[in-house]
Amino acid sequence: RQELVGAHQSSEIADSPTASSITGPLLRVSFPGGQLHVEHLGSAHSKRYIVRVDVLKSTPGLSGSPQVRRLIRELRQVNDALRTRFEVAEQITRCQAEYLKSFDPARLRPLTQRAIAMQLHRHPANVQRAIHGRSIQVVQPGAERSVDLTDLCGRAIVRAIIDAINEAAPALSDSMIADILTRDYGVAITRRTVNYHRLRLGQRRRPVSSRFRGVQLSVGARS
């Protein structure tokens, strides 16, 4: 098996290749001079399998072996999954760059997995698998912060925005919050949906995510 395949960056070949077993942050994100900088972390994420076609062609009967064909198919699936994972992570990071600079909920962009899939010409299921359990490392002055990709892409974002608005201005009606979401965030949402999320927040007795605690949100038109 090791005669048939190799890997970039001198990575080792696993007996049972799988992309799902590779964990850890995908990207390190920083903002030198206020500009977004994305770095692929030097881990197993960046490794790719390559097929030794020369060995296949020079070994009689090997290229037609069912086991070899299955191995090649598995390796290509792993490579595609890893490539998709990076593409999705980078796209989400660029879409949410303004938020990642300051972690101000007012700068969150409503972003769905379906939208990312359309932008990258991928199936939504591929995007879902790519971000599940994955994170990025955000570098800020004096600290690094791990952020789950699911916190940057999905329905939880709308809940987080509603939570931030509700904390900053709890006297606002559901209709007013719906208007703010439509006007400032481009989210078409009904009063009933806002009320549903506010009731859920009230039942939890805490914000949607701990990272939004104590954040002051300026309610009104965004610049």
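Let's start with a pair of helices in this predicted model: α6 and α7 are oblique to each other. The reason lies in the angle between them. The axes of α6, residues 156–168, and α7, residues 174–185, cross at roughly 120°, and an angle counts as oblique when it falls outside the ranges for roughly parallel (under 35 degrees), roughly antiparallel (over 145) and roughly perpendicular (65 to 115). At this crossing the two axes come within 11 Å, and the crossing is right-handed.

Now look at the side where these helices touch. From α6 come Ile161, Ile162 and Ile165, and they meet Ile177, Ile180, Leu181 and Tyr185 of α7. What kinds of residue make up this contact, nonpolar, polar or charged? It has 7 nonpolar residues, with no polar and no charged ones.

Leu181 is a good residue to follow onward. Setting aside neighbours within four places in sequence, Leu181 is in contact with the α6 residues Ile161, Ile162 and Ile165, and also with Gly186, Val187, Ile189 and Val194.

Leu181 also leads us to the largest nonpolar core, which has 45 residues. Along with Ile92, Ile116 and Ile136, Leu181 is among those with the most contacts inside this core. Many elements feed into it: β2 (27–30), α2 (66–95), α3 (97–102), α4 (113–120), α5 (124–131), β5 (135–140), α6 and α7 each give two or more residues. Which of them gives the most? That is α6, with 6 residues.

Finally, apart from this core lies another, of 5 residues, including Tyr49, Leu71, Leu75 and Leu82.

Terms used: Residues numbered from 1 in each chain as written. Predicted model: local features only at pLDDT ≥ 70, side-chain atom pairs only at ≥ 80, totals over all residues. Heavy atoms only, no water. Axes fitted to C-alpha atoms, helices over the stretch in contact; angles between N-to-C directions. Left-handed = near helix turned anticlockwise from the far one by under 90°. Contact = heavy atoms within 4.5 Å. Nonpolar A, V, L, I, M, F, W, Y, C, P; charged D, E, K, R; others polar. Core = buried A, V, L, I, M, F, W, Y, C linked by side-chain atoms within 4.5 Å. Buried < 20%, exposed > 50% of the residue type's maximum accessible area, 1.4 Å probe, protein only.
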